[in-house]
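Colleague: I am new to this one. Please show it to me, and then let me ask how you justify your terms.

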Amino acid sequence: MSCARIRKGRRRWRFVSTVLAAAGGVVQIGGIVVVGNGVGRVVRAEEEPEVPTVFAVPMADTKTIDKLDDFDRYVNKKAWELAFRTMNAVESDSKGMVPPPGGANESGKGKGFLFPATLRIKQSLIHLPAEGRDAYRLFNDAAAKALWEKVGKGRSPGDGVPAIPTASDEAATLRKIVNQYFLTSIGDLAADRLGDVLFEQGNFAEAAAVWQSAVEEYPDGHLPMAKLQVKRCVALARLGRKEELAGLVVSVKQAYAGQKVTIGGAEVDAAEFVAGLSVDSADDAATQLTPPATMAANGVAATSEPAAGQVDVLSKDESLWQIRVMRSNAMAAMEQQVAGMGWAVDIHFVGAVPTAATAGDRLFVNWMGVVYAADLQTGKMLWRTGKFSEITQRATMFAQYGVNPDHFGISAGAGKVFALRVDPTRMQRGDGGAYTLDAFDAETGKSAWTANGMGTVLTEPCVPEGVSGSEGGVGYVVTVGNDQTMSLVALNLQTGKSEWTVQLGKPQGQQNNYGGGMLYGLPAITASNGTVYVATNNGAMLAVNASEHRVAWAFKNDTKPVATERMYWNPTPRVFETPATLREEGGVVYLKDSSAPTLYAIDAESPALKWRRRIAPEEMVIGIRGQVAYLLGQDLSALDLNSRQLLWSTRIPVGTGLLRPLVEEGHIYVASQRGIYDVDSGNGDVLHIFRGSDREATGGRLYVVHVGGADGATGNDELICVTDSAVTAYPLERKSGQSAPPPAP
Amino acid sequence: MKFRAWMMVMAAAMALTLWGAAVRAEEGITVQGGGEATGKPTEVEITASLTGDGELATDATVKFRDAKKRALAAIAGLKNPDISVVTQGVSITNAMDANTQMMLMRGQAVQGGTQKVQVRENDRIVLAHADKLEPDVLLDTVLKILDTAKDAGFQIGGPMPTSYYEMQQMGGQGSTIVAFRLPELDALREQAYKAAVADARAKAQRIADLTGVKLGRILSVTEGEKVNSASRVVVMNGNSVMSEPLEKGITGNTSGDLTLRVNLTVLFEIAK
């Protein structure tokens, strides 16, 4: 026998399984109340503001909410005139958010959602009985038709009616009809036309949603359902939503086989047409707004993806090049500096992993405020914005002024590099504006601008894919002002000026022990198909319509408790914590706050809660492939999104929650404190452990890049590992098949 | 009546016993003899544990099951028939998440907290026939086991200190994770006893010679010091001392020879 002897394990394991199976029911039933946020950046408040208990979404005043209740009551009594008069009063003077109809009922799928009052009214109207609809049309058809005619005249000006000059105005008018007069006799026509306009603008997601609304929500419509469904199919194909499309195609084949529809001027068979639709890749489909995190995670930022059937495999434990910026124990030395400061020090350097971004053949790293660029082909440092020693010598200032080393974000795009930085010396002098968002020329490293006048910027810009260096390209950041209002700001990437701002609400922060001000959890942003999603990491997520510059809806979620009183004396260890999860995949938003035990799946278009599931507080979603989400906390796990069952789990020796693993076809790479783990994404088996050339690091952020050939056919693929002390490149090999043969670990 | 008679007999017997013991003590020579025997450790034992925890108990099940499966597979992958994993059973507890711990450490009130379920199994990874390996090979093998176990998800030894105060409590050192054992003590014990008896006899003989009496036969032997412990065995190796019940063998934390030391209290008769 050439295997180890294993004693007693099996019988005991059966016992454990039985006990846990029994315990499982109890734990799943058990409720939990968790609210709060993670620790983030300091904002100095000039005066003590009112502190909300959790993230406070601006709510409509009680007058508006009362009117909405009145509306529902009048509808129930069939007092239509009173109902619609009340409704009009709400529409003309409504600010803030309101719960959905029946929102007080905590069991529904609308639980936790908040909407603008106008959308809330639309939701109420959809459920009117036939008698109510007739009454509604009696009162509102005239106004709706006037707007509808305006759109028609806009397309063919004349008769003294002012023409609508631009497509956006047409969309706005159509949207007004759909939002306010959806139930009128022309509501479905307006929805259909709005879908066309949005589709032409490339906003496929909203177009599909509007068409879906016309099909499913508009009663007694005039439009041919087959055509609307075919249009939905086209939009879903363009969005790359394979499974959603497949389901709809089946419905169209069953319901409309043999029916002719006119698409693009040609008459086609509805069933045959949808059957022939091919799905765009998700990456191609997400052309409008894709955050840099997603871009880099897919290796898109710098390069090309492997062809279908091929997979990038790390096969050598030898580095191609390495840029060492710091000795390996530098973080420990900085930690030692702050350890001597006495009580209540809550700043930890060990475990911090610098953020990085890729663009073209370059890598940009933000080493706690010192930004540097590396040439991915040669492995040479191209430029840097300062000396690293300026940071290492100021460790105590970080602690004194509550500067968290984890939170120096960076992103790149439009020929620039955007970095969150902080100058503790300005805090020491009592100057304002110590926290800055700085832009540098990606080529030279020269300073381009510093964002001013928008409060403290909490996130690096989320730069939509395809944004060029021309004027007008915007990125999205989350800021907090002196009045503690959190806002989403669309930032002109060329000038650093705010193009527009949407107020999101007020987060709950915690007092900074030393330097004053407030510490906030770090929000997350992602953007897709015309909507910017902001997870406040403080108990709320908000969806912002980027074309209308307004909050479309908000969702309240579990979050961790906030330490509002920080009178403690013991030095505290670093808490293992991962960033907030916010990912949009196929129309579903996956959300989880840092250190909160609940993962949510939200249908972004309805919007509605698809499901929520308890997962370990320290876990985050690192990638989604098909119907499997991969989670990383103390373990790497696979979660089946259909059954919500944990498929497998693998213990990875992670020393920090700030890792950036890669989920590739057949492989998951995790830069742990014991090397780069190559894990089979199918079953969690560890295929190989690459100890690498940076062995003292706590962990790293990984990037796949293609260098030396813009077409992807030439050049090389590299795995880049960014740690606290170095940047190291390893060669990747493109292989066919799903996974590499498993060498002995 | 019968009871009173029985009590009187018992009292008389006890008095006679005490008197007899006193007489014997006066008639004998009592000495303590020490004996040592040295042997190479034959087993290397690594303290390890496997855990799986989750918000849902079913998640803890999957995590623990997979952790165990992968960990045992990795050890088996070493293809060394002398390596075995001995489980010491599982415990199921409510694990406290890091943030709750932090808040408690700060003296803050914790509302509810999360209810993670943790399954923990304490194990011993045992390398047998360690005495057959050359020192360098033994070291390489042990370190290879350590690396493999860590890579495979075993928690080796106790947790590392997370704060200065925890470090102080641990004396500034980590816990011992590798122990060197000699589980079979029959031969060693015989040598040590033999040496202890010889030592006792030599001491008694010296006393007899000095006092001009003749050393007689052994009247009694008590293992350990005379004071009150029936058995006290000190196990030594290198510069450290570890003790545990003798029947489980002897253990040290360095790879050098292990020494079994026996103390006997021996009463010799003074021959007439």
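Colleague: What share of the 272 residues of chain B count as buried?

Modeller: The share is 32%. Keep in mind that this is a predicted model. A residue is called buried if 20 or more other C-beta atoms lie within 10 Å of its own. In chain A, 52% of the 745 residues count as buried.

Colleague: How many helices and strands are there in chain B, and how many in chain A?

Modeller: Chain B has six helices and eleven strands. Chain A has 17 helices and 41 strands.

Colleague: What part of the contacts with a separation of 6 or more comes from residues 24 or more positions apart, in chain B and in chain A?

Modeller: In chain B, such residues account for 75% of those contacts. In chain A, they account for 59%.

Colleague: Why are α8(A) and α9(A) called roughly antiparallel?

Modeller: Helix α8 (residues 204–216) and helix α9 (residues 225–239) of chain A pack at an angle of about 155°. Angles over 145 degrees count as roughly antiparallel, so the pair earns that name. Their axes are 9 Å apart. The crossing is left-handed.

Colleague: Which residues of α8(A) and α9(A) meet?

Modeller: Those in α8(A) include Phe204(A), Ala208(A), Trp211(A) and Val215(A). Those in α9(A) include Met225(A), Leu228(A), Arg232(A) and Leu239(A). By class, this contact has twelve nonpolar, two polar and three charged residues.

Colleague: What makes Asp196(A) partly exposed?

Modeller: Asp196(A) has 16 C-beta neighbours inside 10 Å. Buried needs 20 or more, and exposed needs 12 or fewer. The count for Asp196(A) falls in between, so it is partly exposed. Asp196(A) is found in helix α7 (residues 187–200) of chain A. Its C-alpha is 9.6 Å from that of Ala208(A), twelve residues apart in sequence.

Colleague: And why are α2(A) and α4(A) called roughly parallel?

Modeller: Helix α2 (residues 62–77) and helix α4 (residues 117–126) of chain A cross at roughly 10°. The cut-off for roughly parallel is under 35 degrees, so the term fits. The two axes come within 11 Å. Thr64(A), Leu68(A), Phe71(A) and Asp72(A) of α2(A) make the contact with Ala117(A), Arg120(A) and Ser124(A) of α4(A). By class, that is three nonpolar, two polar and two charged residues.

Colleague: How do you know that β31(A) and β34(A) stand at the edges?

Modeller: The open sheet has four strands in the order β31-β32-β33-β34 (chain A), with antiparallel pairing. β31 (620–625) and β34 (646–651) each have a single partner strand, so one side of each is left without a neighbour in the sheet. The twist averages 20° from one strand to the next.

Colleague: How many bridges pair β32 with β33 of chain A?

Modeller: Five bridges pair β32 (residues 628–632) with β33 (residues 635–640), in the antiparallel sense. Val628(A) stands opposite Asp640(A) in β33(A). Chain B comes in here too: its helix α2 (residues 57–76) packs on the sheet, touching β33 and β34 of chain A. The direction of that helix makes about 50° with that of β34(A).

Colleague: Why is β27(A) called largely enclosed?

Modeller: Five of the five residues of β27 (residues 581–585) are buried, so the rest of the structure largely encloses this strand. Thr581(A), Arg583(A) and Glu585(A) point one way, and Leu582(A) and Glu584(A) the other. In a regular strand, side chains alternate between the two faces of the sheet.

Colleague: What joins β27(A) to β28(A)?

Modeller: Five bridges join β27(A) to β28 (residues 588–592), and the strands run antiparallel. Leu582(A) stands opposite Leu591(A). The two strands form a hairpin with two residues between them. Gly586(A) in the turn has a positive phi of about 55°.

Colleague: Which residue other than glycine has a positive phi near 50°, and what makes it buried?

Modeller: That is Met368(A), in the loop between β10 (362–367) and β11 (370–375) of chain A. Met368(A) has 27 other C-beta atoms within 10 Å. The cut-off is 20, so Met368(A) is buried.

Colleague: What makes Ala414(A) buried?

Modeller: Ala414(A) has 23 other C-beta atoms within 10 Å, against a cut-off of 20. Ala414(A) therefore counts as buried. Its phi is positive, about 55°, although it is not a glycine. It lies in the loop between β13 (410–413) and β14 (416–422) of chain A.

Key. Residues are numbered from 1 along each chain as its sequence is written. Chains are lettered from A and ligands numbered from 1 in the order in which they are written. This is a predicted model: local features need pLDDT of at least 70, side-chain atom pairs count only at pLDDT 80 or more; totals for chains, interfaces and linings use all residues. Two residues are in contact if their C-beta atoms, placed from the backbone, lie within 7 Å. Axes are lines fitted to C-alpha atoms, for helices over the stretch in contact, and angles run from 0 to 180 degrees between N-to-C directions. Angles under 35 degrees count as roughly parallel, over 145 as roughly antiparallel, 65 to 115 as roughly perpendicular and the rest as oblique. A crossing is left-handed if the near helix is turned anticlockwise from the far one by less than a right angle, and right-handed if clockwise. Ala, Val, Leu, Ile, Met, Phe, Trp, Tyr, Cys and Pro count as nonpolar, Asp, Glu, Lys and Arg as charged, and the others, Gly among them, as polar. Two strands pair if DSSP finds at least two bridges between them.
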